[in-house]
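Please open the structure in your viewer and keep the sequence panel visible. The tour below proceeds by selection, one stop at a time.

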Amino acid sequence: MKVGYIRVSTVEQNTARQEVLMEQLGVERMYIDKMSGKSVDRPQLKSMLNFVRTGDTVIVESISRFARNTRDLLELVDTLTEKGVEFVSKKESIDTTTPAGKFMLTVFAAVAELERGYILDRQREGIAIAKSQGKYTGRKPVEVDEQLWDSLYALWSEGKITAVEFMDKIGMRKSTFYRRVKALSR
């Protein structure tokens with residue numbers, strides 16, 4: 001089945017141009033979001049991702065209508081690929097049913113990975129400079145009442161309270177909690 005995804009940025013914008021294109025391409029079912037593409041948390045996008053099945057093809061007018069950044073694009077296409085669904089973007093001539101389309105998507109993936117690497121390098125360099133200038137000391141350690149910790153840890157170990165209850169009572173985030181638990185088990 002050919003499934004179309006249409007997006008405009010606001011409710012005032014018109015989807016007619018994209019709808020006509022979808023009809024010309026023989027799209028059998030359309031999903032339309034009228035909201036920003038900054039996030040992939042869009043109701044019709046989620047519905048479309050839940051609806052599509054192996055053998056379907058998702059068609060968009062352009063990549064910018066589907067995703068606003070390369071990372072989101074690649075994650076969305078990966079989700080489709082895992083379901084056995086092909087992806088077509090008319091404007092950019094990307095069609096994952098063809099070798100050339102798969103190649104173009106691979107180029108997007110490589111560029112995204114390179115970009116992410118550069119961002120991490122710049123972040124590390126910035127932190128190193130800030131540390132050398134005494135401006136960055138990292139997060140302050142979480143202060144914990146050790147007596148309370150020990151009593152709650154015993155209850156949690158015995159299965160009398162859940163980890164969530166433990167974290168709530170101690171006022172600790174999940175990552176900090178499990179980091180501390182892991183350190184205790186060494």
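In which helix is the place of Val 107? Val 107 lies in helix H5, which covers residues 99-132. Please bear in mind throughout that this is a predicted model.

**First stop: a surface patch**

With Val 107 still selected, add Phe 103, Met 104 and Val 111 to the selection. Together these four residues make a nonpolar surface patch of about 340 Å². Val 107 itself counts as partly exposed, because its relative accessibility is 34% and the partly exposed class runs between 20% and 50%.

**Second stop: along helix H5**

Remain on helix H5 and select Asp 121 and Arg 124. Their side chains meet in a salt bridge, with 2.9 Å from N to O. The two residues are three apart in the helix, so about one helical turn separates them. Arg 124 counts as exposed, at 53% relative accessibility, whereas Asp 121, at 36%, counts as partly exposed.

**Third stop: further salt bridges**

The whole structure contains five salt bridges. For another of them, select Asp 41 and Lys 46, whose closest N and O atoms are 2.5 Å apart. Both partners are partly exposed: Asp 41 has a relative accessible area of 48%, and Lys 46 has one of 43%. Next, select Glu 158 and Lys 160, where the salt bridge spans 3.1 Å from N to O. Here Lys 160 is exposed, with a relative accessible area of 59%, and Glu 158 is exposed as well, at 52%.

**Fourth stop: the nonpolar cores**

Now turn to the interior. In soluble globular proteins, nonpolar side chains tend to be buried together. Which residues have the most contacts inside the largest nonpolar core? They are Met 48, Phe 66, Leu 73, Leu 80 and Phe 87, in a core of 21 residues. At least two core residues come from each of strand S1 (2-8), helix H2 (43-51), strand S3 (57-60), helix H3 (63-66) and helix H4 (70-82). Helix H4 supplies the largest share, five residues.

Centre the view on Phe 66 and display its surroundings. Apart from neighbours within four places in sequence, Phe 66 is in contact with Tyr 5, Arg 42, Leu 45, Met 48, Val 60, Leu 73, Leu 76, Val 77, Leu 80 and Phe 87.

To finish, select Leu 152, Ala 163, Met 167 and Phe 177. These residues are among the 11 of a second core, separate from the one just visited.

Terms used:
Residues are numbered from 1 along each chain as its sequence is written. This is a predicted model: local features need pLDDT of at least 70, side-chain atom pairs count only at pLDDT 80 or more; totals for chains, interfaces and linings use all residues. Side-chain values use heavy atoms; hydrogens and water are left out. Patches are made of residues with over 30% relative accessible area and no salt bridge: like charges are joined within 9 Å, nonpolar side chains (Val, Leu, Ile, Met, Phe, Trp, Tyr) within 5 Å. Accessible areas come from the Shrake-Rupley method with a 1.4 Å probe; for residues, only the protein chains shown count as cover. Helices (H or I, at least four residues) and strands (E, at least two) are DSSP runs, numbered from the N terminus. Buried means under 20% relative accessible area, exposed over 50%, partly exposed in between (1.4 Å probe, protein chains only). A nonpolar core is a set of buried Ala, Val, Leu, Ile, Met, Phe, Trp, Tyr and Cys residues joined through side-chain atoms within 4.5 Å. Contact means heavy atoms within 4.5 Å.
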